[in-house]
Structures are given as structure tokens and as C-alpha cells.
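Please look over the chain below before reading my comments. They are brief.

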Amino acid sequence: MLELYENTCNVTHNLNRNYVNLRLSMAIKDGGSENCVGVITIKADDNVVYTSPELGKTTEPITISDIPLSNCSLLKIEYSNNGGWSNRCLIFDASVYN
């Protein structure tokens, strides 16, 4: 599981050009602020391959499959929100596959 917070944060993984797709689930951690929202952006070698809808405290968990990675070298997951530390986004059940 990955926990992302602050106004803007990211994590980068080197996939060594070994994978074609990504599957993951995302949700806002309990305790977030009612009026804060955030967005996940996924990049494969700096090309945006997925942008989530706005995620807030009341958003049900989202699972996305078949996000195209096209054998990228670097996978970057970014989280931007207007709530700072109060709205933490959880990424879970993530896997890369062919």
C-alpha cells in the first residue's frame, strides 16, 4: 500500500521496460476533510496515461485496470490535492503485468 499526501507529491518506479499494463485501486483515507479533493495522475515516461476523477472523503474506492504502460522505463504516480496533510490518498492492490 502507498499513502500519498501534501498538496502535491509523487512516487517514481523504474520498471525496466518490462510491463505493458497497470492495475490499481485508490481511495481517500478515513479522516479527510469534507471540502477537500485530490486527483491522481499516472505517467509512463512522462506521458500522462491516466487521470482520476476528483477524489474526496465521500468518494467510493476506485479500481482501474489496463492502464497502458507500453513497456515504459519510469512509472510515476502523482497526487495533487487542495487539503494538504488532511486528505491522504491510498493506492492499494497495485500490480504491473503483461
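The numbered points below cover a sheet, one strand pair and two residues.

1. Status. This is a predicted model. Please read every point with that in mind.

2. The sheet. Four strands form an open sheet. Their order is 1-9-3-7, and the pairing is antiparallel. Strand 1 (2–4) and strand 7 (62–68) are the edge strands. Each of these pairs on one side only. On average, neighbouring strands of the sheet are turned by 30 degrees against each other, direction ignored.

3. One pair within the sheet. Strand 3 covers residues 21–28, and strand 9 covers residues 89–97. The two pair in the antiparallel sense, over 7 bridges. Asn 21 stands opposite Tyr 97 of strand 9.

4. Val 49. This residue sits in strand 5, which spans residues 47–51. Is Val 49 buried or exposed? Neither label fits: Val 49 is partly exposed, because its relative accessible area is 27%, between the 20% and 50% cut-offs. Leaving out residues up to four places away in sequence, Val 49 touches Ile 42, Lys 43, Ala 44, Ile 67 and Pro 68. Cys 89 is 40 residues from Val 49 along the chain, and their C-alpha atoms are separated by 19 Å.

5. Ser 52. This residue lies in the loop between strand 5 and strand 6 (55–56). Ser 52 counts as buried because its relative accessible area is 7%, under the 20% cut-off. Which residues does Ser 52 contact, leaving aside neighbours within four places in sequence? They are Met 26, Val 39 and Ile 40.

Key. Residues are numbered from 1 along each chain as its sequence is written. This is a predicted model: local features need pLDDT of at least 70, side-chain atom pairs count only at pLDDT 80 or more; totals for chains, interfaces and linings use all residues. Side-chain values use heavy atoms; hydrogens and water are left out. Buried means under 20% relative accessible area, exposed over 50%, partly exposed in between (1.4 Å probe, protein chains only). Contact means heavy atoms within 4.5 Å. Two strands pair if DSSP finds at least two bridges between them. Axes are lines fitted to C-alpha atoms, for helices over the stretch in contact, and angles run from 0 to 180 degrees between N-to-C directions.
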